[in-house]
Amino acid sequence: MLTPKILTTLPQSTPRSVLADLVAGVTVAMVALPLSLAIAIASGAPPATGLVTAIVGGFLISALGGSRVQIGGPTGAFIVVVYGVIAAHGFDGLVLATLMAGVILVIAGFLRAGSLIALVPEPVINGFTIGIAAIIALSQLPDAAGIVLAEGTPADALERVPAIWEARGTLDWPSLAVGAGTILAIVALRRAFPRFPGLILAVAGASAAVALLDLPVDTLGDRFGALPATLPVPALPEITVARALELLPSAFVIAFLAGVESLLSALVADRMVAGRHRPGAEILAQGVANIGSALMGGLPATGAIARTATNVRAGGRTPLAGIFHALTILGVMWAAAPLAGYLAMPALAGLLLVTAWNMSEPQHWRAHVTTGRRSDRLLLALTLVLTVFADLTVAIGVGVALGLALRLRRRAPPADWTPPER
């Protein structure tokens with residue numbers, strides 16, 4: 001079914017439910033603001049692209065999607081892919097790859113491909129999620145500790161770890177204090193006030209301390225300049241056949257990640273609100289959202305599990321909450337863009353370190369190691385290792401192929417089955 005969920009929920013809305021969605025949307029926006037900036041920076045993109053993605057992608061995912069409470073925008077899972085595409089093809093290449101991914105997802109939506117998520121082995125999803133979390137953490141350690149790496153330091157884990165160790169002498173204690181303080185504040189606020197958007201309070205508090213104490217700590221404004229206060233004008237990237245073929249593998253990876261993460265998030269949301277999402281509409285919305293984000297010069301967008309859960313806990317129950325979330329970020333961007341320049345880079349790095357830790361779901365590590373089939377544990381480990389030390393495209397391809405092969409192998413043929421004569 002491709003009908004957007006908002007067409008079902010809107011006629012049932014009341015002033016009270018709209019107010020609840022408004023409060024939830026504003027709450028989620030306060031979480032999404034610093035996170036969107038941090039994800040864009042970690043991806044090697046301009047900070048403003050994170051806000052553009054949260055506004056455009058978030059609005060379209062909620063307006064057209066098949067989930068009642070899904071919140072869309074940039075997510076940590078894309079950092080590795082986006083960083084790699086920008087490094088290899090430039091930011092224009094990323095925009096074209098995102099546009100192509102959007103088209104792929106739209107086609108998948110019309111073909112009712114949303115149900116195919118059941119074919120992706122869970123160990124593969126867990127393996128590359130933990131691997132991505134490890135890469136994010138590795139990329140943010142220098143900023144969190146104020147370590148200055150040599151120019152041109154590669155992003156590959158095998159080369160980045162020795163580079164960080166060699167640059168340990170540049171560690172900056174004020175930066176380390178700000179990064180560590182932000183992490184502690186996020187964790188403390190989350191435990192003490194789970195419904196409160198502690199992310200923005202922790203990052204804002206750490207950044208205010210940097211400004212008031214005049215600490216020699218890098219800020220977003222120092223590194224990237226002022227943020228724009230308005231959305232960019234829509235524009236098509238340069239499209240050629242050769243360029244499209246070159247970026248096709250990256251487009252498929254973006255589409256795969258967007259589809260898988262959005263459907264997983266929708267499944268989690270279903271359990272939280274006792275609802276049922278529409279996979280076809282959700283995939284179609286992801287496609288339109290990525291096309292829209294690309295036309296506005298944004299990053300890949302998808303459903304965000306953590307922000308969706310925050311929305312539910314804050315009282316959001318219809319897609320209006322996601323629309324209010326996008327409009328709130330737009331309003332803050334318009335009214336307070338200059339203030340973003342004061343955000344401390346170690347604080348944003350600390351935020352992403354917490355995000356990476358949560359992405360890896362440490363509460364499930366013991367189960368990954370001790371329960372289930374031995375083949376599933378090996379598949380998870382292989383996907384994790386390939387994600388960190390090889391390439392995400394390779395990890396997904398090898399993991400899914402091996403997972404499907406294992407699934408077919410477990411389906412023993414009937415006892416009376418005999419091979420056909422050729």
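Four salt bridges are counted in the protein, a salt bridge being a side-chain nitrogen of Lys or Arg within 4 Å of a carboxyl oxygen of Asp or Glu. The model is predicted, so local features need pLDDT of at least 70 and side-chain atom pairs count only at pLDDT 80 or more, while totals for chains, interfaces and linings use all residues. Residues are numbered from 1 along each chain as its sequence is written, and side-chain values use heavy atoms, with hydrogens and water left out.

Side chains of opposite charge can pair when their charged atoms come close. One such pair is Arg223 with Asp143, whose closest N and O atoms are 3.2 Å apart. This pair links distant parts of the chain: Arg223 lies in helix 9 and Asp143 in helix 5 (residues 122-145), 80 residues apart. Helices here are DSSP runs of H or I with at least four residues, strands are runs of E with at least two, and both are numbered from the N terminus. Arg223 also meets Asp218 in a salt bridge, at 2.8 Å from N to O. Asp143, Asp218 and Arg223 are thus linked in a network of salt bridges.

The members of this network can be described by their relative accessible area. Buried means under 20%, exposed means over 50%, and partly exposed lies in between (1.4 Å probe, protein chains only). Asp143 counts as buried because its relative accessibility is 19%. Arg223 has 37%, so Arg223 counts as partly exposed. Asp218 is partly exposed, with 32%.

Another salt bridge joins Glu246 and Arg243, at 3.8 Å from N to O. Both residues lie in helix 10 (residues 241-273), three residues apart, which is about one turn of the helix. Glu246 is partly exposed, with a relative accessible area of 44%. Arg243 has 23% and also counts as partly exposed.

Charge also gathers on the surface. Arg190, Arg195, Arg313 and Arg317 form a patch of positive charge there. Patches are made of residues with over 30% relative accessible area and no salt bridge, with like charges joined within 9 Å and nonpolar side chains (Val, Leu, Ile, Met, Phe, Trp, Tyr) within 5 Å. Lys and Arg count as positive and Asp and Glu as negative, whereas His and the chain ends are not counted. The place of a charge is taken as NZ of Lys, CZ of Arg, CG of Asp or CD of Glu. Accessible areas come from the Shrake-Rupley method with a 1.4 Å probe, and for residues only the protein chains shown count as cover. Within the patch, Arg195 sits in the loop between helix 7 (173-192) and helix 8 (198-212). Arg195 counts as exposed because its relative accessibility is 63%.

Two loop residues have a positive phi. Asp214 is not a glycine, yet its phi is about 55°. Asp214 lies in the loop between helix 8 and helix 9 (220-224). With 66% relative accessibility, Asp214 counts as exposed. Glu361, also a residue other than glycine, has a positive phi near 50°. Glu361 is placed in the loop between helix 14 (345-359) and helix 15 (365-370). Its relative accessible area of 33% makes Glu361 partly exposed.

The overall fold comes last. The secondary structure comprises 17 helices and two strands. The C-alpha trace spans about 80 × 60 × 50 Å along its principal axes. Of the 422 residues, 51% count as buried. The radius of gyration is 21 Å, which agrees with the value near 22 Å for a compact globule of 422 residues. This radius is taken over C-alpha atoms, and the globule rule is 2.2 Å times the number of residues to the power 0.38.
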